[in-house]
Amino acid sequence: MRRTVQSLLARQLLVPSATKSSSPAAATRLLGTSGTLDRLLPINFFMGVEYVCADCRRKLSEGKQQQQRRRTNPRRGIAGGITVASPRKLVVRSLAGLATRSSLQREEGRKDEDEAAGGSIANTGKKKEGLEKQEESLDDDNAIWSLVNTWDKTAFPPPETDWSDFSKYNPVTFAKVREEADVLGTNKLVDKPEMRENFALWRILIAFRKRIHGDTGVMEVWKGLRNRNIDLPTEGEDADAIWRMFISTGLRHPSFEEELLSYAEDLSAQSRGRKQWPLLYDSFMSRYLAVSTRDPITRLHQRLYPVFRPQSWATLFETAIQKRPDCQIWLKEIHNTLPQPAGVYAAVIPTLCAANRYAEAEKWHRHCTSTGDLPQNSEVANPLISWIALHGTFMELRSLLIGLPLSGIPLSESSVVLAVSSRRDPLEVLEIVFSDVVPPNALGDAFWSGLFSTPLSPAQVFKHMLRHGSGWIIGATTVATVARKLARSLDESAALLSQTGLLVHLTPDSLTPDPTPDPTEIHNRRLRHHLSHLHIPAAIRTLGHLRRLRLPIDTSSLLLLSSTLLHPRRKGHKPTTQPHIYPSGDDIDIVALLNLRLHAEGYTIPDAIWTELITRLGQNQRLDDLNRLCLRLAVIYASPRPRTQQAPLRHIFSATTLRSIVEWGLIAGNGAWGVDLLRRLSERGVWVDHRSIKRAVRVRMRGVPEDEVRRMRAEVEAAWGAPLWSDGEAVDPGFERPPPPPPKMATRQGPSHVDYSL
């Protein structure tokens, strides 16, 4: 085959139409202009892909013995094929048959003269026999490049080119990356000294093999690293990515995982702990805790700890509980082996309470207090204290509050105030607090001032001050609170508190004249406090007091009032049907009538409340009530310029709300209902874009037959009173899928008709 290549053009096997001239100039013209050569030698020929001629291909197909001669090493051509080592050698081999015998003889004569003179020829590579010697001599001869001046200089650089700029003359292609990613071979890019520990390149190769060959490719790259005796990096972004890919593969292949763990242990032992990937413990344990069982988890922890440690025990426990709550029993076994305090209490208790797992949080509280893993104070346990105060028995609450200081956790004043506010009978909490177990110096100014914000009356607070307040220290906060409650000056309030036996410590600055308290802010804060703690009767009384005094109600109080009275609802979902303050359905009517009354009294209702009410009525298919509410809002918010961007109607009836109204009518089987309502709203000053109607119809008519779509369009246009689609506008069939099943119609609860008119 080499002889075939040498006489590639001279024998006219590949270019039958070529001239018989074999001069270098003629060969250059043939290489640059021959269409036959381009057809037989495509561009992939010069990228390392090997082809065979017709004769060789026929011979290879004749017998099984010749078919087995195909290459097994990608760097050696198949039997009868062409081997391409580099662009320069490719040109040499292609033009070897074109070089005249005289030029070769001159080259050999020059070598003989050098040898006779005692000189030596410096060759950087291993000397080869036959054609390879001719290639090296031609490769070193700059004259050979005069034959290829018409070729692309970026593909075939001159001999003096610096080959370290790899990307310029070797464009990154899929075939090139695939070849370099096979790191089990030799003479790869990663074998160069300057690229050996280029972990950015190793990261690319691992990711490439993982995508193409999966876990097998990742493990082969691992073998390539170990064969070259290259240690994995332990710092930086590349280290994180490489370790994560190896660990992810190891979790699916136990043998590879064992090899990876053994390597990590050896690397740490050889460097005396200086070379450790910081996230090794977190990566392994977080995945084991998410999917594994008890025995593998405990064995892995015993193997890794204490050589490898997590970044934060608190974060590890918190993440594990969020992903898999049933792994808590194994976490407790791990927690027993840790030096205390590990900071787990402050992470686990709030996490479980946020997930409504209060019983499990109480067990963790007892476990952490028994092992000595204590927080700085009791504030982190406030959600647990509030829940036990609201749902627990008197003995459970007493055990918790008394056990906190006895176990070494300082009792925070906010915890006591929260327990008093959450308990149905606040006097039970005060009975526990004022027992001999709780020291007087544990509670002070914030506690007494906080008692005035609880359901206790000022008289009850002063009664406990007289009975238990002797020797307790208070400051300016309690004095200011009493001054606001009793409408007295700071001096009079301080004198009154001193008579109860409390020790009033005030600085000279704290006795400056207190500005007149703002009753609006006081009552709004009180209203929000009652609503946030679900003290609905107290909130209603505060709201009535604000209305009687004609005091303003701020936006945050109105939003909190509506959200508290309504059933909880996630965005895009219907309200929950769990037990609530009011039955399902009645809550919408109560909130709507309440806000309409407040608007009539002169209060400014946020637009978000009306939008939420419209959404809930539409989701519950209460179309008649929705019709009356929308028309009522259009009347009460009518303005001389209703179509401006600042008009309330533009915010209440946004484009999304208008589309939803049309879609609710289509869902109910009455396509004209929503369009008719939008027409009447438009007549009352609401800005309605006809594109919203068209979009709602297009979305709901996807997958419906064309005849049905046209019928619905005609019905919608009749309800709108004007054409919406042009005659030439095509019917959008939507996606090729069957029409969705009819939704389940929610059974309306509450009164059948609500009159929203005042």
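## Charges over rings

In this predicted model, Arg-226 lies over the face of Trp-222, at 5.9 Å from the ring centre. A second case involves Arg-650 and Trp-687. There, the charged end of Arg-650 sits over the ring, 4.4 Å from the centre.

## Aromatic pairs

A pair of aromatic rings is described by the distance of the centres and the angle of the planes. The count of aromatic pairs comes to 14. One of them joins Trp-222 to Tyr-263. The centres are 5.3 Å apart and the planes stand at 85°, an edge-to-face arrangement. This pair links distant parts of the chain. Trp-222 belongs to helix α12 (residues 215-227), Tyr-263 to helix α14, and 41 residues separate them. Both residues are buried.

Trp-313 and Phe-317 give another pair. The ring centres lie 6.4 Å apart and the planes meet at 80°, so this pair is edge-to-face. Both residues sit in helix α17, four residues apart, which is about one turn of the helix. Trp-313 and Phe-317 are buried.

## A ring cluster

Which residues do ring pairs link into a cluster with Trp-222? They are Trp-243, Phe-246, Phe-256, Tyr-263 and Trp-277. Trp-222 thus appears in the cluster, and it also carries Arg-226 over its face.

## Helix α16

Helix α16 spans residues 294-304. Its buried residues are Ile-297, Thr-298, Leu-300, His-301 and Leu-304. Seen down the helix axis, they fall within an arc of 160°, so they line one face of α16. An α-helix has 3.6 residues a turn, so residues three or four places apart point the same way. On the other side of α16, Arg-299 and Gln-302 are exposed.

What covers the buried residues of α16? The cover includes α14 (254-270), α15 (280-291), α17 (313-323) and α18 (328-336). Two of these helices also hold residues of the ring pairs above: α14 has Tyr-263, and α17 has Trp-313 and Phe-317.

## The second largest pocket

About 930 Å³ of space lies in the second largest pocket. Its lining has 29 residues. Closest to the centre are Phe-452, Ser-453, Lys-485, Ile-522 and Arg-526.

The elements giving two or more residues to this lining are α27 (476-486), α29 (519-532) and α30 (536-548). Which element gives the largest share? That is α29, with seven residues.

Technical notes:
Residues numbered from 1 in each chain as written. Predicted model: local features only at pLDDT ≥ 70, side-chain atom pairs only at ≥ 80, totals over all residues. Heavy atoms only, no water. Buried < 20%, exposed > 50% of the residue type's maximum accessible area, 1.4 Å probe, protein only. Arc of directions from axis to C-beta. Contact = heavy atoms within 4.5 Å. Phe/Tyr/Trp six-rings, centres within 6.5 Å; stacked < 30°, edge-to-face > 60°. Lys NZ or Arg CZ within 6 Å of the ring centre and 35° of its normal. 1 Å grid on protein atoms, 1.4 Å probe; cavity = no way out; pocket = protein on both sides within 12 Å on 5 of 7 lines; lining within 4 Å. Points joined across faces, edges and corners; volume = space filled by probe spheres on them.
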